[in-house]
Amino acid sequence: MRNLLKNRNVSGWMLASPLAVVLVCFLVLPIAMIIVVSFWGATEFSIYPAFLFDNYAFLFGSPVTYSVFFNTFKYAVITWGFTLVIGFTVAYFLAFHVRSLTWQIALFLLCTIPFWTSNIIRMISWIPFLGRNGLANSTLISWGVIDEPLEWLLFSDFSVILAFVHLYTLFMVVPIFNTMMRIDRSLIEAAYDNGASGLQTLTNVIIPLTKPGIMIGSIFVVTLVMGDFITVRFMSGSQSANVGRLISNDIALLQYPSAAATAVVLLSTVLLIIAVLLRFVDIRKEL
Amino acid sequence: MTTGQDLELVSLTKRYGETVAVDKIDHHFRAGSYACLLGPSGCGKSTTLRMIAGHEDPTEGSIVLGGSDVSWLPPAKRGTAMMFQSYALFPHLSVSDNVSFSLKMKGVEAATRRKAAGEMLELVHMTDFADRLPDQLSGGQQQRVALARALITNPQVLLLDEPLSALDPFLRIRMRSELKRLQQELGITFIHVTHSQDEALALADEIVVMNNSIIEQAGSAREVFNAPKTEFVARFMGGHNVIALPHGHFAIRNDQVRLTEMGESRIAGKITGVEYQGAHVLLNVLAVGDQEITAIVPEEIFFDNPIPPDTDVGLTWDDHALHPVTA
C-alpha cells in the first residue's frame, strides 16, 4: 500500500479523482443521459428505451423547428450586439476614465446591485413600466410625444431583447473590464506619443488588446441567451418562441425523448458557435 | 539666445494639488548634446521629462524647442519622441509594425511603412527580428525596438525614461555605449533620465542634478563630479567627503584625502574601518567633531606602512582640492 502511494502515477490519479468524479457525475452523465434519451421512443402516454431516429426526423422535418431556431439566433445576435456596445463602453469608462481605484471598485459594485434580486423579479419589474398603461406610455402621452399607447413596448421582440440586454450586459462588462485593466497604461501614452488620435488608439491598441475579454463576454451572452426560456416566455407574453421554450413545452407534455433531441441539437449548435469564436481569439492567456 | 534646435525650459513648474513636483526650473539644453537628468526617486526628473514629452501639462512656465513654444502641443507635434521605461511595445503587433506604428497613424501605405521600419531596424541591428512579436524578444532586443520606434518619427529630441533600469548589469553597459553611438551618429539631442551616477558620468555631455523639485547643479560630467556646488550634489555623486571646517563646508574627493603625520595634519581622527578594494584601500576615519571621512589610498602606499583600525591618524589635502559647498 505504501509503495503504491509513492508511485507518482497513482498519487496523481488520486489527486485528480475527486474533481473527475464530480465532473462525471454532474456533467458527463447527465449529458450522456440526455443523448441516450433523445433516441428513445414515445407514445402519447409512455416513453420506452429504444434506438430510434424518430425524434430527430420529426425535429428536422418540422418547419417550426427552423423558425424557432431562427428566432433564437435573432435574439442571440441582437442581444450580443447591444451588450457588446454597452458593455464595452461601460468597461472603457470604468477602466480608462475613472482614475482612482476606489471609485473604480465603487462603480463596479454599483453595476452588480441589480444582481441582488433574482432574474425573474428584474424581468417582471419591466412589465408595469412597459405595459399598455404603464409608466413609459403614460409619461410619453403626458409629454405629448404620442397620442395613444405604444403596443410594441411590451409582449414583443422589443421587450424580450430589452430584458436580455438588461439581464446580461454585466456578463459582457466584467470580462472586458478585466482585460482592459491589464493593459499597460504606458501603451496608451506610447500610442499618443506616436501621433495616434483617441479613435486610432481605440481601434489600433485598445480593441485588439481587449479581444480576449470581448470573446469571453460574447460566449457568456450567447450561451445564456441561446439557452434561456423564461425571459422569452414572460417578456413576449408567450407570443414568441425560442428553442428553450420548445424544450420546456415538450417537458411539460412529458415528451422527454423529443425534448432531449432538441436539447442535443441546441447544445451542438452552441458548442459549434463557441468553437468558431475560439478560432478567432486565443483566450488561454486570460484564464 | 536659443540657437538651432535647442531646447529650453523656462520656469517650468508642475504642481499636483498642494504638492510641487517641479519648481520653476530653468534650463537650456544645447542641440545635439547628450544630457542626463540625474537625481533620487521623487526628485521631479521624470515629471520634467514627461512635461517635455507632452504627457504631462505644465502648471506654469514653458518649453521652447527650436525657438517655438511647444508647451501645449500634443506629443507627436513637438518634434520629441519618448522611449518608455518599460519600453511599452504593443504586444499584439510585430516588431516591424511596432516600429512603423507612427507612420500607420499618419496613413502611410503598408509597403512604404515596411521599408522605413526596415531601415530603422537596421540602425539598431534588429533586421532579423522584424516579424517577431515583442514577447519573443529579450529585454535588450525589446529596447532596441523601442528605440527604433521612437527614432522613426525623426525627432529633434529623444527622451529616454530610465532606459537601462530594466536590463541586467552586463547588458546595461553594452546598451549605454550603444546609446552614445546612436546619439553621435544621429546628432540629435538625447535627454536621459536616470538615478545612476555611473550611467550619467559615462554618457552625458551635460549632467543636470535634480533634488526636491529643483535643479541643484548643471554642467559637464567632470565639472559636476569634480566641483560639486552643494552638499547634496557632493553626496549624491558619491566619491566625496563633505567636511565642516571653521570657514565653511567643503567637498573633497575621497582619493584626495591623504594620511599624514599628526604634526602636519589638517584634521585628526581615528581609523574605524579598513577595506581592501583591489587597486586601492578605503579607510573610514572618524575625525574630530564626529565627522565621518572616507579616504581612498593607493594600495601599495597603504601596504608600505599598514595601519590597523583604531589607530589615531592625521589627514591632509591640497587646498585646490577643496570645493566650497552650500547646504
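Biologist: How many residues does each chain put into the contact?
Modeller: Chain B brings 16 residues and chain A brings 14, where two residues are in contact if their C-beta atoms, placed from the backbone, lie within 7 Å. This is a predicted model, in which local features need pLDDT of at least 70 and side-chain atom pairs count only at pLDDT 80 or more, while totals for chains, interfaces and linings use all residues. Residues are numbered from 1 along each chain as its sequence is written, and chains are lettered from A, with ligands numbered from 1, in the order in which they are written.

Biologist: Which element of chain B gives the most to the side that touches chain A?
Modeller: That is helix 3 of chain B, with 4 residues; helices (H or I, at least four residues) and strands (E, at least two) are DSSP runs numbered from the N terminus. Strand 6 (80-83) and helix 3 (101-106) of chain B each supply at least two residues of that side.

Biologist: And how is chain B divided?
Modeller: Chain B has domain 1 (7-226) and domain 2 (242-324), with bounds that come from an automatic or database domain assignment. The centres of these two domains of chain B, taken over C-alpha atoms, are separated by 41 Å.

Biologist: Switching to the inside, which residues have the most contacts in the largest nonpolar core?
Modeller: They are B:L159, B:I191, B:I207 and B:V208, in a core of 90 residues. A nonpolar core is a set of buried Ala, Val, Leu, Ile, Met, Phe, Trp, Tyr and Cys residues joined through C-beta atoms within 7 Å. Domain 1 and domain 2 of chain B each contribute at least three residues to this core.

Biologist: What does B:I207 touch?
Modeller: Leaving out residues up to four places away in sequence, B:I207 touches B:C36, B:L38, B:A200, B:A218, B:G219, B:A221 and B:V224.

Biologist: You mentioned B:L38; why does that one count as buried?
Modeller: B:L38 counts as buried because it has 30 C-beta neighbours inside 10 Å; the rule is that 20 or more other C-beta atoms within 10 Å of a residue's own make it buried, 12 or fewer make it exposed, and anything in between is partly exposed, with C-beta atoms placed from the backbone. B:L38 lies in strand 3 (residues 34-38) of chain B, and among the residues it touches are B:T194, B:Q197 and B:V209.

Biologist: Over in chain A, what do the buried residues of helix 13 pack against?
Modeller: They pack against helix 4 (63-97), helix 11 (198-227), helix 12 (230-235) and helix 14 (256-280) of chain A. The buried residues of helix 13 (residues 243-252) of chain A include A:L246, A:I247 and A:D250.
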